[in-house]
Amino acid sequence: MLIFYPLNNLFKYNKAFKLEAGGILPEIELAYQALGKMNEDCSNVVWVCHAFTGSQDVEDWWQGLVGRGKLFDPDKQFIICVNVLGSHYGSTGPLSINPETGEPYYHTFPFITIRDIVNSFDLLREHLGIKRIRTCIGGSLGGQQSVEWAISQPDLIENLILIATNAQHSPWGIAFNESQRMAIEVDPTWKESNPQAGIEGMKAARATALISYRNYETYGVTQARNDEPLGKVHRATSYQRYQGEKLAQRFNAYSYYVLSQVMDSQDVGRGRGGAIQALSQIKAKTLVMGIKSDALFPINEQAFLAKHIPGATFQALDSLYGHDGFLIESQLITKAIKLWQKFVKLDVNPMYDFFKKLEKKNLAIH
Ligand SMILES: CC(=O)SCCNC(=O)CCNC(=O)[C@H](O)C(C)(C)COP(=O)(O)OP(=O)(O)OC[C@H]1O[C@@H](n2cnc3c(N)ncnc32)[C@H](O)[C@@H]1OP(=O)(O)O
Ligand SMILES: N[C@@H](CCO)C(=O)O
């Protein structure tokens with residue numbers, strides 16, 4: 001049984017929504033959560049962009065960072081998080097009814113990109129009367145949206161926080177996603193048109209993805225062999241299966257497929273003369289964080305962002321958890337942001353000289 005997440009707020013856009021790749025959604029809906037109260041001058045707006053299987057319920061999936069007494073506190077800030085187009089938590093996605101046919105989209109849901117998601121956010125932003133965003137923050141797919149928005153509207157975002165993300169999705173990342181799509185495609189039910197189609201394939205896809213969200217060391221520590229008798233299930237075996245089952249309780253294979261393609265679409269340089277040129281347009285004060293053990297979005301990708309976003313600060317984080325560290329290491333992330341906020345106030349950039357030295361020595365960050 002798929003669990004459908006309760007909607008908090010729903011924004012309806014009843015006109016045709018043109019997509020970057022040429023398709024059209026006849027209308028769109030965006031489910032979003034808004035916490036706290038917006039100041040008249042919008043000076044306390046925090047826009048959080050969620051990742052691949054996340055939702056608008058940011059207090060749930062980022063409870064270490066968002067909530068009363070946390071860094072992003074609804075008693076002080078107006079915090080907004082929108083379920084992305086194509087997802088499963090109330091925004092227009094493959095299970096939504098296509099108004100032109102009266103049937104769910106399922107396999108006919110069009111190809112969408114990070115830029116489409118950002119354009120849809122912008123409609124909602126205008127609808128809510130948000131003239132500026134004090135802080136835009138996102139990790140992974142959420143970071144891809146955040147950096148895209150900071151480029152497409154350089155005067156909108158004052159502070160930009162990017163975690164475990166990139167300017168262009170790598171061939172490595174695309175290969176992981178394609179392998180997961182292949183797992184969905186070989187599920188014989190994927191040809192069907194119903195909410196459960198491809199769900200067994202999606203379980204295998206999630207298990208595959210987990211390997212890239214964690215790493216060798218994570219498994220060694222959390223799923224260490226336990227002298228299991230021959231033929232008995234290893235801990236890592238049941239973990240992989242459990243993770244597939246867990247996602248199947250809350251997600252659908254169509255959204256999984258569509259959003260994996262969205263991730264692959266990330267290329268901030270498309271039509272803008274390349275990534276370096278695009279990143280140079282950013283005016284927001286920017287903090288880029290990477291996780292040293294991230295196998296999927298390696299830290300070089302965040303070093304690249306920080307190097308080419310004017311005045312950006314770069315912070316590498318140590319974590320056992322690899323890519324998923326951006327969801328788990330709330331204390332480290334909070335510490336890094338607080339430190340950066342002090343530097344921003346003082347208007348100094350602790351990494352600027354460091355990058356200049358690196359450039360001179362032609363060194364890369366590993
Ligand atoms: C409605 C919603 O859920 S909204 C969306 C919320 N989710 C998101 O935003 C997506 C992002 N979140 C995630 O990807 C994950 O939740 C993370 C990365 C933050 C944490 O991952 P988790 O799976 O919770 O952590 P972890 O890898 O430690 O696995 C723990 C689970 O595996 C189980 N487990 C651990 N080892 C084993 C094993 N050897 N065999 C079987 N099960 C195991 C644990 O019992 C636990 O189960 P539970 O989740 O039912 O309590
Ligand atoms: N665990 C994350 C990974 C992608 O960043 C998710 O499921 O959204």
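1. Let me start with D324, which touches Y213 and R214 once residues up to four places away in sequence are set aside. Keep in mind as you read that this is a predicted model. D324 sits in the loop between β12 and α11. It counts as buried because it has 23 C-beta neighbours inside 10 Å, and the cut-off for buried is 20 or more.

2. D324 has a partner in the record. For "binding site", an unreviewed UniProt entry lists R206 and D324. The two span 119 residues in sequence, yet their C-alpha atoms are no more than 13.2 Å apart, so they gather at one spot.

3. Now R206 itself. You'll find R206 in helix α5, residues 199-213. R206 is buried too, with 22 other C-beta atoms within 10 Å. Leaving aside neighbours within four places in sequence, R206 is in contact with Q243, G244 and L247.

4. Next, the "active site" annotation. It comes from UniProt, again from an unreviewed entry, and covers S140, D294 and H323. Here the span in sequence is 184 residues, but no two of the C-alpha atoms are more than 10.7 Å apart, so these residues gather at one spot.

5. Of that set, take D294. The residue is found in the loop between β11 (285-291) and α10 (299-308). Is D294 buried or exposed? Buried: there are 29 other C-beta atoms within 10 Å of D294. Not counting residues up to four places away in sequence, D294 touches A164, I299, G322, H323 and G325, so have a look at that cluster in the viewer.

6. H323 has its place in the loop between β12 (313-317) and α11. With 27 C-beta neighbours inside 10 Å, H323 counts as buried. Which residues is H323 in contact with, leaving aside its neighbours within four places in sequence? The list is S140, A164, S212, Y213, I291, D294, A295, L296 and F297. Both S140 and D294 are on it, and both are covered by the "active site" annotation along with H323.

7. On to ligand 1. The shell around ligand 1 is made of 17 residues, the closest being G54, W61, S238, Y239 and Y242. Three helices, α1 (58-61), α7 (235-248) and α11 (325-328), each supply at least two residues of the shell. The largest share comes from α7, with five residues. By class, the shell has six nonpolar, five polar and six charged residues.

8. Where does ligand 1 lie relative to the domains? Domain 1 (9-169 + 271-361) and domain 2 (173-263) both give residues to its shell, so ligand 1 lies between them.

9. Ligand 2 has its own set of residues around it: A51, F52, T53, G54, S140, L141, Y213, D324 and L327. Two names from earlier points turn up in that list, S140 and D324; UniProt has S140 under "active site" and D324 under "binding site". The class count for the shell around ligand 2 is five nonpolar, three polar and one charged.

10. A word on the domains. The protein is divided into domain 1, in two segments (9-169 + 271-361), and domain 2 (173-263). Taken over C-alpha atoms, the centres of the two are separated by 25 Å. As for contacts, 27 residues of domain 1 meet 22 residues of domain 2. On the domain 1 side, α2 (114-128) and α3 (141-152) are the elements that give two or more residues. That side has 14 nonpolar, twelve polar and one charged residues.

11. Last, the interior. The largest nonpolar core has 95 residues, and those with the most contacts inside it are V48, I79, A150, A253 and L305. Helix α8 (residues 253-265) gives the most to this core, with eight residues. Domain 1 and domain 2 both give residues to the core, so it lies between them. In soluble globular proteins, nonpolar side chains tend to be buried together.

12. If you want one core residue to click on, try I79. Not counting residues up to four places away in sequence, I79 touches L35, G36, V46, V48, V58, V66, F72 and P74. V48 in that list is, like I79, one of the core residues with the most contacts inside it.

Notes:
Residues are numbered from 1 along each chain as its sequence is written. Chains are lettered from A and ligands numbered from 1 in the order in which they are written. This is a predicted model: local features need pLDDT of at least 70, side-chain atom pairs count only at pLDDT 80 or more; totals for chains, interfaces and linings use all residues. A residue is near a molecule or strand if its C-beta atom, placed from the backbone, lies within 6 Å of it. Helices (H or I, at least four residues) and strands (E, at least two) are DSSP runs, numbered from the N terminus. Ala, Val, Leu, Ile, Met, Phe, Trp, Tyr, Cys and Pro count as nonpolar, Asp, Glu, Lys and Arg as charged, and the others, Gly among them, as polar. Domain bounds come from an automatic or database domain assignment. UniProt positions are given in the numbering used here, feature names are shortened, and annotations may be inferred rather than shown by experiment. A residue is buried if 20 or more other C-beta atoms lie within 10 Å of its own, exposed if 12 or fewer, and partly exposed in between; C-beta atoms are placed from the backbone. Two residues are in contact if their C-beta atoms, placed from the backbone, lie within 7 Å. A nonpolar core is a set of buried Ala, Val, Leu, Ile, Met, Phe, Trp, Tyr and Cys residues joined through C-beta atoms within 7 Å.
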